[in-house]
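User: Please take one close look at the surroundings of a single tryptophan in this protein. I would like to know what it touches, and then how the parts around it fit together. Keep the sentences short, please.

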Amino acid sequence: MPTLRWTTVNTPAPDAEAFVMASRLEVRSLKDVPRFFAKSLVAWKQVTGAPGAYGASLIAEPLKRTFWTLSAWEDKDALYRYARTEPHKSVMTGLRPTMKGSVFTFWQVPAAGLPIDWTDARRRLAEQERSDADTDT
């Protein structure tokens, strides 16, 4: 599955800040991949009309059972409203039993720095995963 490249949803003001979220989501089994992918597309479609969304991208690595998301929002509240709104809320609740693990990281950037580079997002996710592992021990 190729990357769903960055899609700009709303163009922010040049002097605005963007609240960015990146995630790595891993499902338990290869048999869970088609369902997870289908549900991801439902959430993707929702992002493209979500109030406060600046843009998003998705990478699916089905043979690794891993999905990566990257999105930018006008603020944390806009992201959390999206997460609590249907269909995203039910999609995530319904997929929870299929999940093996997940990592989320958040940061802010000047909106002029959009779109976010996947190299930066993956580096931040790796740092977050290490930080999470350190707090679990």
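Analyst: Start with a pair of side chains: Trp68 and Glu61 are joined by a polar contact of 2.9 Å. Keep in mind that this is a predicted model. Trp68 sits in strand S4, which runs over residues 66-73. Is Trp68 buried or exposed? Its relative accessibility is 10%, so Trp68 counts as buried. The cut-off for buried is under 20%.

What does Trp68 touch, leaving aside residues up to four places away in sequence? One stretch of the list is Ser57, Leu58, Ile59 and Glu61. Ser23 and Arg24 touch Trp68 too. Trp118, Arg122 and Leu125 complete the list. One distance adds to this picture. The C-alpha atoms of Trp68 and Ser102 are 9.7 Å apart, while 34 residues separate the two in sequence.

Now follow one of those neighbours. Ser23 belongs to strand S2. With 1% relative accessibility, Ser23 is buried. Its side chain makes a polar contact of 2.3 Å with the side chain of Thr69. Ser23 touches Phe67, Trp68 and Thr69. On its list are also Val103, Phe104 and Leu125. Leu125 therefore appears on two lists: it touches Ser23, and it touches Trp68.

Go back along S4 to Thr66, which lies in this strand. Thr66 has 7% relative accessibility and counts as buried. The side chain of Thr66 reaches a backbone atom, the oxygen of Lys64, at 2.9 Å. Contacts of Thr66 include Arg24, Leu25 and Glu26. They also include Ile59, Ala60 and Glu61. Arg24 touches Thr66, and Arg24 touches Trp68 as well. Ile59 and Glu61 are likewise found among the contacts of Thr66 and of Trp68.

Ala60 leads into another strand. Strand S3 covers residues 53-61, and Ala60 is in it. Ala60 is buried, at 4% relative accessibility. Its C-alpha atom is separated by 6.6 Å from that of Thr3, a residue 57 places away along the chain.

Between S3 and S4 there is a loop, and Arg65 is part of it. The backbone of Arg65 has a positive phi of about 60°, although Arg65 is not a glycine. Is Arg65 buried or exposed? Its relative accessible area is 19%, so Arg65 counts as buried. That value is just below the cut-off, since buried means under 20%.

Next come the helices. S4 is part of what covers the buried residues of helix H2. H2 spans residues 76-84, and Ala78, Leu79 and Tyr82 are buried in it. Seen down the helix axis, these buried residues fall within an arc of 100°, so they line one face of H2. Why can residues that are not next to each other share a face? An α-helix has 3.6 residues a turn, so residues three or four places apart point the same way. The cover over the buried residues of H2 includes strand S2 and helix H1, besides S4. Helix H3 and strand S5 are part of this cover as well. One end of H2 has a cap: a side-chain oxygen of Asp75 lies 3.3 Å from the backbone nitrogen of Asp77, at the N-terminal end.

Between H2 and H3 there is a loop that holds Pro87. The peptide bond from Glu86 to Pro87 is cis, with omega near 5°. In H3, the buried residues are His88, Val91 and Leu95. Down the axis of H3 they fall within an arc of 65°, so they line one face of the helix. They pack against H1, H2 and S5.

S5 leads on to the surface. This strand covers residues 99-110, and Phe106 lies in it. Phe106 has 37% relative accessibility, so it counts as partly exposed. Together with Tyr80 and Phe104, Phe106 forms a nonpolar patch on the surface. The accessible area of the patch is about 270 Å². Phe104 was named earlier, since Ser23 touches it.

A loop lies between S5 and helix H4, and Pro115 is found there. The peptide bond from Leu114 to Pro115 is cis, with omega near 0°.

Definitions and conventions: Residues numbered from 1 in each chain as written. Predicted model: local features only at pLDDT ≥ 70, side-chain atom pairs only at ≥ 80, totals over all residues. Heavy atoms only, no water. Patch = residues over 30% accessible without salt bridge, like charges linked within 9 Å, V, L, I, M, F, W, Y side chains within 5 Å. Areas by Shrake-Rupley, 256 points an atom, 1.4 Å probe, with all protein chains shown as cover. Salt bridge = Lys/Arg side-chain N within 4 Å of Asp/Glu carboxyl O. Helix = DSSP H or I, 4+ residues; strand = E, 2+ residues; numbered from the N terminus. Buried < 20%, exposed > 50% of the residue type's maximum accessible area, 1.4 Å probe, protein only. Arc of directions from axis to C-beta. Contact = heavy atoms within 4.5 Å. Polar contact = N/O pair within 3.5 Å; in protein donor to acceptor, adjacent residues only side chain to side chain.
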